[in-house]
Amino acid sequence: MISRGDDETAPAPRPSVSSPAVIGQLEVSDREIADAVAAVEGEMLELLARLVEAPTTLGNEEPGQVIMADAFRGLLGLEPVDIAMDTEVLRSHPAAAPFSWDVAGKRNVVADWPVAGEGGRSLVLQGHIDVVGPASTRLWRMPPFHAVRDGDWLYGRGSGDMKAGLAAMVGAVLGVRSLGLAPLAQVQLQSVVEEECGGNGALQCVLSGLRPDAAVIPEPYPGLIPTSQVGVLWFHVDIAGTPAHVADAQDGFNAIEAAFAVVKELHALEDELNESPPPPFDEIAHPINFNVGMISGGDWASTVAAECTLSCRIAQYPGSPVAELQRRVEAAVARAAVASAYLTEHPPSVRYDGFACEGSTLADDEPLVQSLSRSWEAVSGAPAGTGPTTATTDVRAFIEAGIPAACIGPLAEHIHGVDERVFVPSVVQTAHVLALFVRDWCGLA
Ligand SMILES: [Zn+2]
């Protein structure tokens, strides 16, 4: 995920004092919660460093899930359970992202926090274990999968997006448990796979049948609950040319060069989508971003390229169906083809593999948003804002199922870029916010 522009700087943790909880059988002050969470900072940061050093890119998530299962069991004393990725179930579900890769043997790891009473509201705390690749290892100041602390910042791929969030979830529960307290309704911790490529890990967890009263995902949105999120579509354009010796280039057709016209038409579609954004996206200068993230093609410098594939991402506003965007993408590719006699005869094809989701929205007056904002305020001194984001997150799997879900989390920089880093005090701050939220949403005893 990525938030709009640069997020505001996370305020330093500044706990308010002595406003006791009213829900639950036991009153626990903000101060007691703050102290309990601060006391487990070392455990949280150690977990975060271990997670960053596991390069959990797509297909390589398991070492991260081993660490999370270990944290649920070893640090929290809970019983982790697997929710396995199920190819057939996912392939037949209308909200699932299409995928060409093998998910057999992949798992989401979840753990229930034993309930101490009744009358509270249930909750899922979720984070994704998968990270994107380093983009360019050469450009990093240090190896991307080394957790390097420099002052108040911790560097490493996935440090902010979103291993800090996973560590904060664990820190929140560890802090509250250290006070001898437990929730008055089911709280399930979830570490999911495949957020960065389509969201099928979160969907698989929703399909497990658990229907919490809310879900919170501590993605790096400090002080901003992204209540309107775009839908995202991945598509791949396959262009076929005719290879020839470059000495006889006129006998061939270069698939790589043909791709330029396709990209141009896709940017024209992007321009159209940005012409009159509906609220609240009209607050953002350029809400819909199209990206050619990968290109492959050709096999020899002196051979006219026979093939080229563009792997792309584009977004759309909530309320617009995926099929509508697919139609517009295909029309843009077709427009590029009609300008070329060769491509008219050999039209490029569009494949869908990965993200294919609608946008999601959550009302500002949802009790979840109100409560989470108050928890943020209790720690930072100012209520959390709400607004649109030009990215998507796993909240949509819950929202599509009728379960309110929201993000709030630590301050991170350069996610999906180089030298990704997270502001360490904001990790503790996020744990503190989550702990207060659990107290107020679920009740504690
Ligand atoms: Zn993320």
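**Reading the terms: zinc site, cores and sheet**

Trainee: Why is H128 called buried?

Mentor: H128 has a relative accessible area of 1%, and buried means under 20%, so the value of H128 meets the cut-off. Please keep in mind that this is a predicted model.

Trainee: How do you know which atoms coordinate the zinc ion?

Mentor: A donor has to be an N, O or S atom within 2.8 Å of the metal. H128 (NE2), D161 (OD), E219 (OE) and E219 (OE) lie at 1.9 to 2.6 Å, and therefore they count as donors. Since water is not among the atoms, a site may look incomplete.

Trainee: What makes the arrangement around the zinc ion irregular?

Mentor: The four donor atoms subtend angles of 54 to 150°, whereas a tetrahedral site needs all angles between 85 and 135 degrees. A square planar site needs opposite donors over 155 degrees apart, and 150° does not reach that value, so the arrangement is called irregular.

Trainee: What is the spacing of the donor residues in sequence, and why can H128 and E219 be said to tie parts together?

Mentor: The spacing is H-x32-D-x57-E. H128 lies in strand 3 (residues 123-128), while E219 lies in the loop between strand 7 (215-217) and strand 8 (224-229), so the pair joins parts that are 91 residues apart in sequence. E219 is also buried, because its relative accessible area of 1% is under 20%.

Trainee: How do you know that strand 3 and strand 7 pair?

Mentor: Pairing asks for at least two bridges between the strands, and two bridges join strand 3 to strand 7, which run parallel, so the requirement is met. L125 has V216 in strand 7 as its bridge partner.

Trainee: What makes strand 1 and strand 15 edge strands of the sheet?

Mentor: The open sheet has six strands in the order 1-2-6-3-7-15, with mixed pairing. Strand 1 (80-84) and strand 15 (405-407) each have a single partner strand, so one side of each is left without a neighbour in the sheet. From one strand to the next, the twist averages 25°. Helix 12 packs on this sheet, touching strand 2 (107-113), strand 3, strand 6 (187-192) and strand 7, and its direction makes about 155° with that of strand 3.

Trainee: Which residues touch the most other members of the largest nonpolar core?

Mentor: They are L48, L123, L125 and L189, in a core of 73 residues, to which helix 12 (residues 424-442) gives the most, with twelve residues. Leaving out residues up to four places away in sequence, L189 touches several residues, among them F72, L125, M169 and V173. A second, separate core has 36 residues, including A255, F281, L310 and V329.

Trainee: Why is Q190 called buried?

Mentor: The relative accessible area of Q190 is 1%, which is under 20%, so Q190 is buried. Q190 lies in strand 6, and its contacts beyond four places in sequence include V109, L125, G127 and F398.

Trainee: Is A356 buried or exposed?

Mentor: A356 has a relative accessible area of 13%, and because this is under 20%, A356 counts as buried. A356 lies in the loop between strand 12 (349-351) and strand 13 (360-361), where it touches A97, P98, V232, L233 and V322, not counting residues up to four places away in sequence. The C-alpha atoms of A356 and C197 are separated by 9.5 Å, although these residues are 159 residues apart along the chain.

Notes
Residues are numbered from 1 along each chain as its sequence is written. This is a predicted model: local features need pLDDT of at least 70, side-chain atom pairs count only at pLDDT 80 or more; totals for chains, interfaces and linings use all residues. Side-chain values use heavy atoms; hydrogens and water are left out. Donors are N, O and S atoms within 2.8 Å of the metal (3.2 Å for Na, K and Ca); water is not among the atoms, so sites may look incomplete. Four donors count as tetrahedral if all angles lie between 85 and 135 degrees; four count as square planar and six as octahedral if opposite donors are over 155 degrees apart and all others between 65 and 115; anything else is irregular. Helices (H or I, at least four residues) and strands (E, at least two) are DSSP runs, numbered from the N terminus. Buried means under 20% relative accessible area, exposed over 50%, partly exposed in between (1.4 Å probe, protein chains only). A nonpolar core is a set of buried Ala, Val, Leu, Ile, Met, Phe, Trp, Tyr and Cys residues joined through side-chain atoms within 4.5 Å. Contact means heavy atoms within 4.5 Å. Axes are lines fitted to C-alpha atoms, for helices over the stretch in contact, and angles run from 0 to 180 degrees between N-to-C directions.
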